[in-house]
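Trainee: Could you take me through the helix packing in this model, with a close look at the residues involved? I would like each term spelled out with its cut-offs as we go.

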Amino acid sequence: MTFRQFAFNNVKRNTRVYLAYFLSSVFTIMVFFSFAVNLFHPVIASRRGGAIELILGQTEVAILVFSVLFVFISVNAFLKVRSKEFGILLILGMSPKQLRRLVFLENMLIGCVAIIVGITIGLVFSKLFLMLLSSLLSYGSLSFYFPVKAILLTAGVFILIFLGISAITPRIIRTNSIITLLKGVKKANREIKFSIIQSLAALLLLGSGYFMALSPKLYDLNPFLDRVVLFIERLPYTEVILTTFVVIGTYLFFSQLSILVLHRLKENKKFYLKKTNMLWVSDLIYRIRDNTRMLFLVTVLSAVAFTAITGVYALSSVVKDESLKDNPFALTFTSYSSNAHEEEQIKIIEEMLDSHGFKYEKYKSEVIKQTAKDNQPIHIIKQSDYNNRAAALGLEQEVLDKDQALMVPVYVRFDPKRDKTLSQKNIALDNGEINLEVAGVAPKVIFYSGLFRNLVVVSDETYEKIKNIQEKYHSYSYDIPDWLNTLEVTEKLREELGVGEPGRYYWSTRIEGYILENQNKKIFLYVGFFLGAIFFLGAGSFLYFRLYTDLNQEKDKYIGLAKIGLSFQEMKRVAGIQIAVLFFVPYILASIHTYFAIAVLQTVLYSSVLKQFFVVIGAFLMLNIIYYFSVRSRYLNYLKGFTVR
C-alpha cells in the first residue's frame, strides 16, 4: 500500500464523520461558482459599476470569508478528535513529518473532490440560476455560456483555501507528546463547576442586548425609560455594542447558565430519579461542557442565517406597501411660480394618460413658502386643499379655527413626539404677525416622501391673510388605479418632460421607485437565501460531526449500560432527548436572537415584518425537525449495532 493509498483509505474509512463537512463544502463551492457565473455573464459584465455587480461581488467575498473560517474550524476539530489515531501511528513508527503529510493529503483529497463536485453541480444548474436571475432583472433573457472565468476563479480560490489550511492545521497536532495524543481530547467526567455570577451575566447581557433592540418602541412609556432610550440612541456604534452583548451572552448561556439549569434539575430528586432522567441529565451536563464552543457557533450561524433570510424576505415582501406609503399618488407634478410652461406640461401629462387608456383623478394643491425668524423655510397649504387630498387617501377631514394649524409629516417614518418639527406647540407666520396653535399631526404623507422640508395646514381664512410669500408652488397629483402598468407611459413622459428643471418644476412617479426597489430587493432575496442556506448547512455540519465523534468516544459507556441491564428502548430515549436538546436549544435561542434583530430592521421599514419572521422560522423549524430525525435515525442504528447482540 502506498502512502497516498493509505491517505485515501483513511478518508474512505471516516466517510460517515466527514459526510456533512463534505456536503457543506460542495454546496458552498456550488453557490460561489453560480454567483461567479452570474457575475461574469456578458450582459452583467457589460454594465460595470451597477448595483447588481456590486451585490454579487460582495456576496462572493462573504462566501469566501465564511469558507475560510468554516474549513479551518472543521479541519481543526477533525484533527483533535483523531488524536488517538495519530498517537497510534506515531507509536507504530510514523515520523511527525509523515503524519503532517498524511493529514495534508487527506485534507487536499476531500477539498479537491469537493471542488470538482461543486463546480460540476454548479454547471448542471447554471442555466437554471441564470433564468432565475434574469426573471429578477430587467435585462431580458440571460443566455447560457460556458463560464471559463467562473471555473478558473472558483477552482483557484478554493484550491488556495484548502491548500493554505491543509498546510497550517497539521502543525496544530502536538507530535512531541504521544501520551497526550493517546489520551485524546475527551475530558475526564469529574464534577463540573459553574459560576452563578457568570450565569447571571449571561442573562444580563442577553437582556441588555434585547432591550437595546426594542428601545425605539419603548419611548414615551415613562420619563425614566425615555431618558434610558435617548441615552442608548446617543451611544456610538449602538449596533456593534448590541451584537457584542448578545454574542458574549450566548457563549455564557451555554458555558454557565445551561449547566446551572441542569444542576438545578439534578437537585430536584423527584424529577431526577424518575425513570431514565438521571442518565440523560447527568450525561447532558458533560456533553454541553464538551460542546460549548460548537453549540455557541451553531447558534450564531443559525441566527445569521435566520436573520439574513428573514430580512431579505421581509424587504422583498413589503416593496409594494412601502411604495404606496412613499408615494400616496401614482404621479405628482410640482411647478414653481416661475414655470411659464405649467399648463402646457399638465396638458402633455393628461393627454398621454388618456392616449394609453388610463383612468385617473387629478388633485391640485397650492403651497406657499416663507422663511421664519430662525431662517428655516415654512411650507403652508390651506385646509380645503388638504381635505381634498385627505379624501382621496381615505383620511378624516380637518376643521381648523383661524388660530389653529395642523402639522403634516413629510416622511413616511415619523415620530410626532420626538420630531422637532412635528412636536411644535405653536407656529408663527409672517414674522410673528400670525400666531397659530398646533392642533395635531396628520397621520401620513399627502404628497410624496421628502417633497417639502415641512408642511403646515392652516384654515382658508388664515391662508388668504398671509402676505410674506417667497415662493408659490402648484402641485398636481394623479390617482391612477392601474398604476402598476404605467411604466411605458412614464418612460414616454420622461422623453417629453425630462427629469425636471431646478427652480421650475419636478415630478415623481410611484412606478419608477417601485420597480427599482423591487428589483434590488429581489436580488437581495436571491443572494440572502443562498447565504442563509450556507450558514445553516455549516451549523448543521458542526452538529452532525460532534454527534458522531461523541458516539465513537462514548461507545464503551453505552456497552456498559447494556451489560447492566438497560434496554435499547431506554438508551434510545436517553439518546433521543440529548440529541433533541443539542438540536433545538440552539435553534430556539437563534430564533429569539432573530426576533430582536428583526425588531432593529423594523425601525427602518414602514410595514410589519412579523409574518415574514414566522414564515422563515417555521420553514427552518421543519428543516431542523427533518434533519433531527434523519441524524437521530442514523445515530440510533449505529448505537444499536454495538449494544444489541
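Mentor: Happy to. Let me start with contact, which means heavy atoms within 4.5 Å. Helices (H or I, at least four residues) and strands (E, at least two) are DSSP runs, numbered from the N terminus. Please keep in mind that this is a predicted model, in which local features need pLDDT of at least 70 and side-chain atom pairs count only at pLDDT 80 or more, while totals for chains, interfaces and linings use all residues. Residues are numbered from 1 along each chain as its sequence is written, and side-chain values use heavy atoms, with hydrogens and water left out.

Begin with helix 17, which spans residues 383–392. Its buried residues are Gln383, Asp385, Tyr386, Asn387, Arg389 and Ala390; buried means under 20% relative accessible area, exposed means over 50%, and partly exposed covers what lies in between, with a 1.4 Å probe and protein chains only. The cover over these buried residues includes strand 2 (361–371), strand 3 (377–382), strand 4 (404–407), strand 7 (456–458), helix 18 and strand 8 (471–479). After helix 17 comes Gly394, which has a positive phi near 75°.

Helix 18, one of those covering elements, runs over residues 460–465. Within helix 18, Glu461 pairs with Lys465 in a salt bridge, their closest N and O atoms being 3.6 Å apart. A salt bridge here is a side-chain nitrogen of Lys or Arg within 4 Å of a carboxyl oxygen of Asp or Glu. About one helical turn separates Glu461 from Lys465, because they sit four residues apart in helix 18. Glu461 is partly exposed at a relative accessible area of 45%, and Lys465 is partly exposed with a value of 45%.

Now to the packing of helices. The axes of helix 16 (residues 342–355) and helix 19 (residues 487–497) come within 10 Å and cross at roughly 155°. That makes the two helices, 16 and 19, roughly antiparallel. For the geometry, axes are lines fitted to C-alpha atoms, for helices over the stretch in contact, and angles run from 0 to 180 degrees between N-to-C directions. Angles under 35 degrees count as roughly parallel, over 145 as roughly antiparallel, 65 to 115 as roughly perpendicular and the rest as oblique. The crossing of helix 16 and helix 19 is right-handed. On the helix 16 side, the contact is made by Gln345, Ile348, Ile349, Met352 and Leu353, and on the helix 19 side by Val489, Lys492, Leu493, Glu496 and Leu497. By class, this contact of helix 16 with helix 19 holds seven nonpolar residues, one polar and two charged. In that scheme Ala, Val, Leu, Ile, Met, Phe, Trp, Tyr, Cys and Pro count as nonpolar, Asp, Glu, Lys and Arg as charged, and the others, Gly among them, as polar. As for handedness, a crossing is left-handed if the near helix is turned anticlockwise from the far one by less than a right angle, and right-handed if clockwise.

Lys492 deserves a second look: besides its place in that contact, its side chain meets that of Glu488 in a salt bridge (3.6 Å, N to O). Glu488 and Lys492 are about one helical turn apart, because four residues separate them in helix 19. Glu488 is partly exposed, with a relative accessible area of 47%, and Lys492 counts as partly exposed at 33%. Further along the sequence, Arg504 forms a salt bridge with Glu501, with closest N and O atoms 3.6 Å apart. Here Arg504 is partly exposed at 36%, and Glu501 counts as partly exposed at 37%. Over the whole structure, a search finds seven salt bridges.

For another packing pair, turn to helix 13 (residues 277–290) and helix 22 (residues 568–602), whose axes lie 9 Å apart at an angle of about 40°. Helix 13 and helix 22 are therefore oblique to each other. Their crossing is right-handed. Helix 13 contributes Asn277, Leu279, Trp280, Asp283, Leu284 and Arg287 to the contact, and helix 22 contributes Arg573, Val574, Ile577, Gln578, Val581 and Leu582. The contact of helix 13 with helix 22 divides into seven nonpolar, two polar and three charged residues.
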